[in-house]
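Me: I have not looked at this structure before. Please take me through its features one at a time, and tell me how to read each of them.

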Amino acid sequence: MVNPNTQSGAALSALAKRFSGSVLVNGDDGYDTARRVHNGMIDRHPTVIARCQGNADVADALAYAIDHKLEISVRGGGHNVAGRAVCEDGMMIDLSLMKGIWVDPINRRVRAQAGVTWGEFNRATQQHGLATTGGAVSSTGIAGLTLGGGFGFLMGKFGYTIDNLCSAEMVTLTGEVVQASRESQAELFWGLQGGGGNFGVVTSFEYQLHPIGPMVEGGLIAHAFDEAAPVLRAYRHLCGQSEDERTLLASLTHAPDGSGAKLAALLACHCGEAEQARNEMAPVKAFGNPVLDRIGPISYTELNEMLDPGFPRLSLNYWKSCFLDTLNDTVIDILIRQFAVCPSIMSKLVIEHFHGVALQTQPSETAYPHRQPGYSILIIAQWQDGDENDANITWARETYALLEPHMRAAAYSNYLDDDEGMDRVRHSFGENFDRLQQLKDHYDPQNLLHLNQNIPPSR
C-alpha cells in the first residue's frame, strides 16, 4: 500500500483521485492478477499499475511515469510471449479494461479499443456477418497482433491485419491524442502498420471488415505421427496450389486428450462460397488415413477458438521462429526428428504458409516488410513445471539452430522471445528500419518506450 504522506505517495494519490480506471500498487486487491500476463515464465512486479479506461488515463499515467522517472511498459491483451507488457518496478500502463467495440455494418468498418481480444472482436463483428484478418487464438489481443503485422486465417484473401487497418488513435509521450490514417499523420500510420509500440500508446484501431461467416469451411485434420513425412510433403504440395480463399497451417503437435500421443495435423480455413470451399477442401480431406477429421462447415468464431485449449494461460512458454523460402525435405526431416524428442506434451511446431493478397503489397508500403512467398516456422516450447525449464528451452534452441542454415534473414516481431538480439529485431523490420528510426527520433527520442521489439533512436 502507498503511504499518502510521502511525496511520491501524495503524487500517486492525486493520480488515483482523477483516474477513471484504477491505480494499483503491490498489496492492493487485484494487483497480483493485473500484473500477470499469458506467459507464466513472466513474473514481474511493477511499482504502479495504471488500469486505464480512456485516453485521459493513458496521458496521465505517461505523465506520472515520466515525472517520476519510472520505466514504462504497456499492456494490451498481455499475450505476447516475450512478456514486455509488464516491467519489474516502473509503471505498467494496462489497457486491458478498454473493451469498447463499435461496428458500422453499412460501411463495413469497426473501431475497437486496445484491450479487446480477437475472441471479443469476432463475437461483435460476426453479429453482422463481418470479419477481418485476426489471431487464430481467441485470447490474443488485437493491439499487439496488429502493431506487429498480423497473421490469420483470412490473410490469403484479405491480407495481413495491418492491410485492413484504416486508422489508429495514439497518445503521445507528451499527452497529445493523434489520429493516424493514410489521410492524416500518414507517416505515423505507416509506422504503426508493423512498427510495434515504439512511438506512443495506441488506444484504438479502426479496421475494414469483409463479409465472412457465420459459417466457413474449415477445422482440424490429424494423422498418426509415423505419417508425418508424407503429411508435411502433402501440405507443401497443397500450399503450392492454394487459392486466396484457402489458408492452411501444419503442425506437429500432441493429442488434445493429454495422452501425449504425437500427431501430424493440418488446420484449414476456406472463406469462399460453400461449393467452392468444399471442392478446394476435398484434397485436404482425401489424403492418407487421418485419425481425426473435423474439417467441415464450422462457425468462424468457433474456428478461431479451436486452438485455445493448446495455449492455457500461465503455462510456461519459450518460443523461437523463422521464415523459410521453401519447405524442403531436409527441413521436414529436421522438424520430425526434433519433435520426436520433444520433452513436453504441451509443445508443438507450427508451419504457416503465405500466399495471395498478403503478398501483393510492396515491402516498403507498410512498416512490416515481409511480403515474399514462403513459410513461417514457429517452435513452441510449452510446459507446466518450472523444474523443466532448461530441458524445454534447450529443445527449442536446438531445433532453431538446426533450421538456421535454411532460414531467410527475416523475423516476425510478434513471435520473438525475450532473449533475441538486436540483429533479429532489425530483421523484423528489414529495409524499413532506417525509416522507422526516423519516426522514433520524432516521437520518442529518449527511447522511453523501449519495452517492445525496440527501435532505438538514431542518436
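Me: Which residues line the largest cavity?
Reply: Rolling a probe the size of a water molecule over the atoms shows where empty space is left. In this predicted model, the lining of the largest cavity is made up of His38, Asn39, His79, Asn80, Val81, Phe311, Asn317 and Trp319. The space inside the largest cavity is about 40 Å³. Sorted by class, its lining has 5 polar and 3 nonpolar residues, and no charged ones.

Me: How many cavities of 30 Å³ or more are found in the whole structure?
Reply: The search finds 1 cavity of that size.

Me: What is the volume of the second largest pocket, and what lines that pocket?
Reply: A pocket is an open set of points, whereas a cavity is one that the probe cannot get out of. The second largest pocket has a volume of about 240 Å³. Its lining has 14 residues, and those closest to the centre are Met215, Val216, Gly272, Glu273 and Ala274. Strand β12 (215-224) and helix α9 (274-286) each give the lining at least two residues. The classes are 8 nonpolar, 3 polar and 3 charged.

Me: How do I read a nonpolar core, and how many residues has the largest one?
Reply: Take the buried nonpolar residues and see which are joined through side-chain atoms within 4.5 Å. The largest core here has 91 residues, and Met91, Phe121, Phe151, Tyr160, Leu192, Phe199 and Phe205 have the most contacts inside it. Helix α3 (residues 55-67) supplies the largest share of this core, with 6 residues. A second core, separate from that one, has 43 residues, including Leu252, Ala268, Leu316 and Leu324.

Me: What is Phe121 in contact with, beyond its neighbours in sequence?
Reply: With residues within four places in sequence set aside, Phe121 is in contact with Ile101, Val110, Ala112, Val116, Thr132, Ile142, Tyr207 and Leu209. Phe121 is one of the buried residues of helix α4 (residues 118-126), along with Trp118, Asn122, Ala124, Thr125 and Gln126. The buried residues of α4 pack against the strands β5 (101-104), β6 (109-113), β7 (130-131) and β10 (201-208), and against the helices α5 (142-148) and α10.

Me: Is Gln126 buried or exposed?
Reply: Buried means under 20% relative accessible area. Gln126 has 12% relative accessibility, so this residue counts as buried. Among its contacts outside the nearby sequence are Ile212, Gly213, Pro214 and Tyr300.

Me: What kind of peptide bond joins Gly213 and Pro214?
Reply: The omega angle is what to read. For Gly213 and Pro214 omega is about 10 degrees, and the bond is cis. Pro214 is in the loop between β11 (210-211) and β12.

Me: Where does Asn304 lie, and what does Asn304 touch?
Reply: Asn304 is in the loop between α10 (300-303) and β17 (316-324). Being in a loop does not settle the matter of burial here, because Asn304 counts as buried at 1% relative accessibility. Not counting residues up to four places away in sequence, Asn304 touches Asn122, Gly135, Ala136, Val137, Ser138 and Phe153. Asn304 and Leu316 are 12 residues apart in sequence, and their C-alpha atoms are 22 Å apart in space.

Me: How far apart are Ala63 and Gly175?
Reply: Compare the separation along the chain with the distance in space. Ala63 and Gly175 are 112 residues apart along the chain, and 7.3 Å separates their C-alpha atoms. Ala63 is in helix α3 and is partly exposed, with a relative accessible area of 36%.

Me: Which side chain makes a polar contact with that of Asp441?
Reply: The side chain of Ser458 does, at 2.5 Å. Asp441 belongs to helix α14 (residues 433-443) and is buried, with a relative accessible area of 13%. Leaving aside neighbours within four places in sequence, Asp441 is also in contact with Pro457 and Arg459.

Me: What is the phi of Lys69, and what is that of Asp89?
Reply: Look at the sign of phi and at the residue type. Lys69 is not a glycine, yet its phi is positive, about 55 degrees. Lys69 is in the loop between α3 and β3 (72-75) and is exposed, with a relative accessible area of 76%. Asp89, also a residue other than glycine, has a positive phi near 65 degrees. The loop between β3 and β4 (91-94) holds Asp89, which counts as partly exposed at 46% relative accessibility.

Conventions: Residues numbered from 1 in each chain as written. Predicted model: local features only at pLDDT ≥ 70, side-chain atom pairs only at ≥ 80, totals over all residues. Heavy atoms only, no water. Buried < 20%, exposed > 50% of the residue type's maximum accessible area, 1.4 Å probe, protein only. Helix = DSSP H or I, 4+ residues; strand = E, 2+ residues; numbered from the N terminus. Contact = heavy atoms within 4.5 Å. Polar contact = N/O pair within 3.5 Å; in protein donor to acceptor, adjacent residues only side chain to side chain. 1 Å grid on protein atoms, 1.4 Å probe; cavity = no way out; pocket = protein on both sides within 12 Å on 5 of 7 lines; lining within 4 Å. Points joined across faces, edges and corners; volume = space filled by probe spheres on them. Nonpolar A, V, L, I, M, F, W, Y, C, P; charged D, E, K, R; others polar.
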